[in-house]
Amino acid sequence: MIDIIKLTAAQTAEKIASGELTAVEVTEAHLARIEATDEKVHAFLHVDREGALAQARAVDAKKAAGEELGPLAGVPLALKDIFTTVGVPTTVGSKILEGWIPPYDATLTRKLKEADVVILGKTNMDEFAMGSSTENSAYGPTGNPWDLTRIPGGSGGGSAAALAAFQAPLAIGTDTGGSIRQPAAVTGTVGVKPTYGGVSRYGMVAFSSSLDQGGPCARTVLDAALLHEVIAGHDPLDSTSIDAPVPPVVEAARNGSVAGMRVGVVKQFAGEGYQAGVVQRFNESVELLKELGAEIVELDCPSFDLAMAAYYLIAPSECSSNLARFDAMRYGLRVGDDGTKSAEDVTALTREAGFGDEVKRRIILGTYALSSGYYDAYYGSAQKVRTLITKDFEKSFEQVDVIVSPTTPTTAFAIGERTDDPLAMYLADLCTIPTNLAGNSAMSLPCGLAPEDGLPVGLQIIAPAMKDDRLYKVGAAVEAAFVERWGHPLLEEAPSL
Amino acid sequence: MPGITREEVAHLARLARLELKSEELDHFAGQLDDIIGAVARVSEVADQDVPPTSHPLPLTNVMRADEVRPSLTPEQALSGAPAQEQQRFKVPQILGED
Amino acid sequence: MTTFTELLSYEDALASYDPVMGLEVHVELGTKTKMFCGCSTELGAEPNSQTCPTCLGLPGSLPVVNAIGVESAIKIGLALNCEIAEWCRFARKNYFYPDMPKNFQTSQYDEPIAFNGFLDVQLEDGEIFRVEIERAHMEEDTGKSLHVGGATGRIHGASHSLLDYNRAGIPLIEIVTKPIEGAGERAPEVAKAYVAELREVIKALGVSEARMDKGQMRCDVNLSLRPNGTKEFGTRSETKNVNSLRSVERAARFEIQRHAAVLSSGGSIVQETRHFHEEDGSTTAGRIKDNAEDYRYFPEPDLVPVAPARDWVEELRGGLPEMPRVRRNRLREEWGVNEHDMQSILNAGAVDSIVATIEAGADSTAARKWWMGELARNANEQGVVVDELPITPAQVARVAALVAAGDLNDKLARQVIEGVLAGEGTPDEVVEKRGLKVVSDEGALGAAVDEAIAGNAAIADKIRGGKVAAVGALVGAVMKTTRGQADAARVKELILERLGVSEG
Ligand SMILES: [Mg+2]
Ligand SMILES: [Zn+2]
């Protein structure tokens, strides 16, 4: 008998299309898995059992009626709790939105529904996507299925953990500074940050508007590509959405190859703070790329040294404004309204009670960076850094087709280890942030386990804007070579829960 | 770059409508001082003649036709309201002008 | 809650001080949809029935710019002789207020779409005063709050407020002048004339009805005084929401007198907002503008820059209508009226009605006569603008035609107009129903004339004796017996004929 939860999304869709499995069977298997494991993992904030089964039944009905099914019809998915969903709570991991049921669907939610993907529920995340460990969720941390005492990365730790725990073959994340890629790296899964503007942000609760980007998470490169194709594309409701055809990501994922490609290695993505096992697996990956026919080119991107500083000015600045709407007037939490207090006081009390520490820190930092007298030195300079980073990327992509780096400098750290040290926490995104600032695309995929702790290491592949297909072409080749070398997908080495 | 004081944090919290507790002011003042110390590096480029980037994409003129789209129903609009009255959002007294 | 405010007489104030003004006008555009979402802007809808995730500021929602909003902004900029930005952005103005769903206003900051222009305004005596325009930029309106539990529905003393966001996000163009200097004692008149002229321009462009009574156009009057002969500006006050032409003039005048009283007694002006009170034309203190106000403007990351193509701008420039002042001067010459009369026509809001009446066939004298006489008086009584009266220019033209043909005299024509306004039908129907026709039957008229002469022998003698002016009394007598339905000119002719006297 086949183990439904171990199937890839592509295999699952195929079996549903051929009639070997029904969507309801598949959905029930995953709901059962969630029920059995999520007490330990805590990947989900809300499981929409009824909604998922209804969607699955609709797929089976379509199939029975002889209608054509989409490439992911009936495949279950874990949706990060940052996308609005009609009738299903959306909290963004925050107390301030506890119990909020949106009256509208995000464009991404709508596209998933139209593609007959089965949405199992909403996954845990750092509050408002601010964090790299999912410990900032107001609803408690998520455990890393490789070691439940360790973080699953963040902010999209719930989505990555759901994949690694075989609770869903597909998940959605959002990536503002690495929130798709870093969780993918530390859980041994695949995550892609598409080109900024590639996936609509309409209905995705904003953290930092000029950096946020939704993207696919999966256990294989092909599955990520199939999901990418479903969620990407122009949306007239998002002014920053690109009005151009989606890069041919599925075709690329089916034709993995690096032969004749020039692959860049950036000098700045190395040095102090990089764990030895991470560096070792990264170097092996570079060797593998050479073996597969790629030419390795060393690159110098001096501006990348300022990326972290620029990011921690731009993201907080935008978030201080984006989160102003949570004021206890129209939706969400309201605290202190005893009939004597003013609206002003109720807003301040509610925000105090409803936001966690990291959110408050960033709101204050952003308010500071934008305030008169500091704007030029901070926000203005950060935007100049952004220009310099974009130029370093442009210069690099004149010489190479893609760039590779470790996704994150270390493997999953222990829950609680960095919670009192925001700066240490921020280091997790050292390698992922430049891509968000420049707006181009990047992927993380597993490249082995670190010898010292036996935890997954992620390889980051970075491509130019709107060349997302290159990520899949290179990723598929690397993935195939590694699986061949290991004799099985990396996740098979994860402990059973 | 100058450090950030407890009083500054209090002022910023007022601007951001956050009723911070006294111990939070101390806690955040210390942390924010460290963070600002670390991010102040960006001002290295303040004098460079580089245009700022506010948008990662070189898009311009994204506009929509002036055509009415369906609105939410008042029930949907008010569905998340902490309080409502007369089909309007009910909010505590506003300390405005006047 | 008007408090006693010390004022200096206007003459004394101007004897020592020179006023400098800045006028900020917000115009609500007449687009079908809001600035950043597709919600309808139709007036009078049920509360919160024209809202969506975007204009409610729901989490995850995003704005998309209304193309007609941008086009209207450019048209206004061009009409105000502004430069149009090659590239500009929206910015977020961050401050908390419950009527503003996102707690920031999407506006423009250091990159307005139009800047550096001017508007020439004509004062009552025909003098032209040039008001320099600093900028015109795009932004959005807020929701509307209803304050409950207080005595007067005002915010003060209310127990809570109720918010309706139908108006939130309606496109606004904010037009800001450069400091207006050199107007001297005419500053209040300049302020009023500027707002009046701006309103004409906006209406001519067709981008808004610019009804001040409906809040479609709102004015803030910033004013400061400096001692005569000095250059440096004094501290200004900002009088908010001055919402009629007359109020603009009164507010400026009041602030000149108030500032002068404070300054001449050795005091200093507080930089603050002021509220204008329609009842007595006074202003009272609002919020003090210290440096705590920090809007933390930054480029709106959810919108991309607006870069109006030059050929589009030129196309819009080519399509601009004749500007109101130019048009008025042309009409003034065509109609042969003086500056003062033209100004009265403008103030009555009757220019377009007169033009339409002429287009419908009336001659310009008659058209002006009816609109500025009978109809202006009627509108005034009812507190409406003439073009809101229930009579069309074509109907007025028909009345004029009936008079010209001798079918009606002025007195009868007034009755016809009265009937049309009362809803009795078209002019011809009123004539028919009320039986209003000039008596042109010479026999009947002759009999009435004979009767009048016989009954007023003394007056008739005077006329025979050369006092022709006395004929009026006999004409009056004839008109009385014919119940006004005679042609007075013909009656006069007949009387003089009968008495053997010739006129002049
Ligand atoms: Mg404004
Ligand atoms: Zn709307």
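I began with salt bridges between chain B and chain C of this predicted model, and the count I obtained for that pair of chains is zero. I then turned to polar contacts across the same two chains, where I found 22 residue pairs between chain B and chain C, both residues of each pair being at pLDDT 80 or more.

Next I looked up which elements of chain B form the side that touches chain C, and I noted that strand 1 (63-64), helix 3 (74-77) and strand 3 (88-92) each supply at least two residues. Strand 3 of chain B gives the most to that side, with five residues. I also sorted the side of chain B that touches chain C by class, which gave 14 nonpolar, ten polar and ten charged residues.

For the extent of the interface, I recorded 34 residues of chain B in contact with 61 residues of chain C. The area buried between chain B and chain C came out at about 4100 Å², and I noted that carbon and sulfur atoms give 58% of this area.

I followed strand 1 of chain B further and found that two bridges join it to strand 2 (residues 65-66) of chain C, the two strands running parallel. Within this pairing I looked up B:Met63, whose bridge partner in strand 2 of chain C is C:Val65.

Last, I checked how chain C is divided, and I have it down as domain 1 (10-43 + 54-294), domain 2 (322-434) and domain 3 (442-499). Taking centres over C-alpha atoms, I found 62 Å between domain 1 of chain C and domain 3 of chain C.

Conventions:
Residues are numbered from 1 along each chain as its sequence is written. Chains are lettered from A and ligands numbered from 1 in the order in which they are written. This is a predicted model: local features need pLDDT of at least 70, side-chain atom pairs count only at pLDDT 80 or more; totals for chains, interfaces and linings use all residues. Side-chain values use heavy atoms; hydrogens and water are left out. Domain bounds come from an automatic or database domain assignment. Contact means heavy atoms within 4.5 Å. Buried area is the accessible area (1.4 Å probe) that two parts lose on being put together, summed over both. A salt bridge is a side-chain nitrogen of Lys or Arg within 4 Å of a carboxyl oxygen of Asp or Glu. A polar contact is a pair of N or O atoms within 3.5 Å; within protein, one must be able to donate a hydrogen and the other to accept it, and residues adjacent in sequence count only if both atoms are side-chain atoms. Helices (H or I, at least four residues) and strands (E, at least two) are DSSP runs, numbered from the N terminus. Ala, Val, Leu, Ile, Met, Phe, Trp, Tyr, Cys and Pro count as nonpolar, Asp, Glu, Lys and Arg as charged, and the others, Gly among them, as polar. Two strands pair if DSSP finds at least two bridges between them.
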